[in-house]
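Look over the structure shown here before reading on. The paragraphs that follow go through a helix, some paired strands and the empty spaces.

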Amino acid sequence: MSDYDVIVVGAGNAALAAAVSAKENGADRVVVLEKAPRSMRGGNTHWSGGVLRFAFDDPREIAPLVPDAEKQHEEFYAGIEPYTKADYHGDLMRVTSGRTDPILSRILVDNSKDTVFWMKQVGCIEMEPATTLSAVRKDNKLVWARGLVVRAAHEGVGLSRSWFATAERMGIEIRYGSAVTELLQDGRGRVNGVRLRDDAGMSDILGHAVVLGCGGFEANVQMRTQHIGPLVGAAKVRGTPHNQGDGLRMAMAIHAMPWGQWSGCHATPISADWGDFAPRELTDKSNRLSYIYGVMLNRQGKRFVDEGEDGALFTYAKFGRAILAQPGAKAWQIFDSRVLHLLEPRYSTSKPIIGNTFEELLDQLDIDDKKTALATLKAFNDAARINEDKYDPSRKDGVRTEGLDLDKTNWARRLDAPPYHAYSATGGITFTFGGLRVTEKAEVVGTDWRPIPGLFACGEMIGGLFYDNYPAGTGLVSGATFGRIAGREAARPGNT
């Protein structure tokens, strides 16, 4: 007799969604195996901002998720635009240059709203308006980034805590310090358990189905260097140190098919002041995403991206990687005093370097070519004279430079209001885009193009959704969507 109906490997948002879904759908004996100790539990979810991107036709459809929003924020719904399924899928197609998996992306988009409501109703995830992350105040009204209005209360910390509380309340067993090292198969090739290492040593646990929700390989320097390159190999890690690619390696050891962009990753601009791993106690507060209101210089004193290409929540994942490609994997974000009120509150976790002139500011920065940096800033100001009166931080405003080798295409107002503030930034890798191929039922597909019986995957384990870039808030919803599917399918009578 098997020890469990469903074994879930991992304990982040996707894995716990799978465990709760399995229990909800009739699996009596469900166990979650978390490699980390209890004090480090929850995977990357703990470091997330908790924001949830989902489709809706009418802004008031979100009311059950945030019932007190109108009491807390005057004219709350006036600043929210509809975000249809076509809008959502269009954003996915745009930021991935059309490469997102056509089947998986449709499943994600079509189920996104229902998933978020399920998270609240079944997962008991408390939610709140994402005011500090995706809203800009204009004329005393909050104007929201499209599709990004709701987040888990207390961000990723609250999301993780709520999932654990729900799982424990449902009678789901959670084992900490349990590192799964191998997938077990019976004589027919069906995955029927796992081998794990804990404080007692090595042991086997049998189950009718296994769900892999244990993340990518972003914390594994060897795998990062091999698959993404030496620049990313040396990157700081924004999330958990426990995502070492174990689930991917053990799945491919039984001939699971690798899928998606193994050379791609979500690399957020974070403060360069942190160590190799962003402090757990600061969660997502190491992020530095307000670059759209200023300019970014590398250590050669040059700009290297169009800071105003799009809203930060559509560019931060690729700009983090762009910073990693710069000398010393470092950049400086420079702002004048007119935009300081627009910077995310997360900037308060660092002390800015301040100067009353460009020269005074640059003298304090570890920029190798200060002469070029000064020329870059002056050239930017000379080129930023187009439609400054139309500057609008709440939307892409077309206020641009003209005549630079690399123009800034939105929010390009001159930097001419001292004192000037500079914040350091590097690329903090959050998760990897390469993963496993799965079916619409979250079944892991083998290299023979057939599903591997008894094996499912969700979250960052799934490859094919993201290429080169990533729309903010999609990862958590994708994790919960495919976690819910994986748990439900693993609990079906044919599996249990």
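Ser97, which comes after helix 3, has a positive phi, near 55°. This is a predicted model, and that angle, like every other value here, was computed from it.

Helix 3 spans residues 85-95. Its buried residues are Tyr88, His89, Asp91, Leu92 and Val95. Viewed down the axis of helix 3, these buried residues lie within an arc of 155°, so they line one face of the helix. What do the buried residues of helix 3 pack against? Their partners are helix 4 (102-121), helix 10 and helix 13 (474-490).

Next come the strands. Strand 15 covers residues 295-298, and both of its faces are covered. On one side Val295 and Leu297 are buried, and on the other side Met296 and Asn298 are buried. In a regular strand, side chains alternate between the two faces of the sheet. Strand 15 runs antiparallel to strand 16 (residues 331-335), and four bridges join the two. Within this pairing, Met296 stands opposite Gln333, and Asn298 stands opposite Ala331.

How many of the five residues of strand 16 are buried? Five of the five are, so strand 16 is largely enclosed by the rest of the structure. Ala331, Gln333 and Phe335 are buried on one side of strand 16, while Trp332 and Ile334 are buried on the other. Thus Gln333, the residue opposite Met296, is among those buried in strand 16. Strand 16 also pairs with strand 18 (residues 420-432), in the antiparallel sense and over five bridges. In that pairing, Phe335 has His421 of strand 18 as its bridge partner.

Another group of strands forms an open sheet. Three strands make it up in the order 3-7-4, and their pairing is antiparallel. Strand 3 (51-52) and strand 4 (127-129) are the edge strands, each of them pairing on one side only. Strand 3 is joined to strand 7 (residues 150-152) by two bridges. Val51 has Arg151 of strand 7 as its bridge partner.

The last topic is empty space. The largest pocket holds about 1,000 Å³ of space. It is lined by 43 residues, and those closest to its centre are Ser134, Val136, Ala145, Pro393 and Ser394. Which elements give two or more residues to the lining of the largest pocket? They are helix 3, helix 5 (131-134), strand 5 (135-138), strand 6 (141-144) and helix 10 (312-324). Helix 3 and helix 10 have appeared above, since the buried residues of helix 3 pack against helix 10. By class, the lining of the largest pocket consists of 22 nonpolar, nine polar and 12 charged residues.

Searching the whole structure gives two cavities of 30 Å³ or more. The second largest cavity has a volume of about 60 Å³. Its lining is made of 13 residues, with Tyr293, Val339, Arg413, Arg414 and Leu415 nearest its centre. Sorted by class, the lining of the second largest cavity has seven nonpolar residues, one polar residue and five charged residues.

Definitions and conventions
Residues numbered from 1 in each chain as written. Predicted model: local features only at pLDDT ≥ 70, side-chain atom pairs only at ≥ 80, totals over all residues. Heavy atoms only, no water. 1 Å grid on protein atoms, 1.4 Å probe; cavity = no way out; pocket = protein on both sides within 12 Å on 5 of 7 lines; lining within 4 Å. Points joined across faces, edges and corners; volume = space filled by probe spheres on them. Nonpolar A, V, L, I, M, F, W, Y, C, P; charged D, E, K, R; others polar. Buried < 20%, exposed > 50% of the residue type's maximum accessible area, 1.4 Å probe, protein only. Arc of directions from axis to C-beta. Contact = heavy atoms within 4.5 Å. Pairing = 2+ DSSP bridges.
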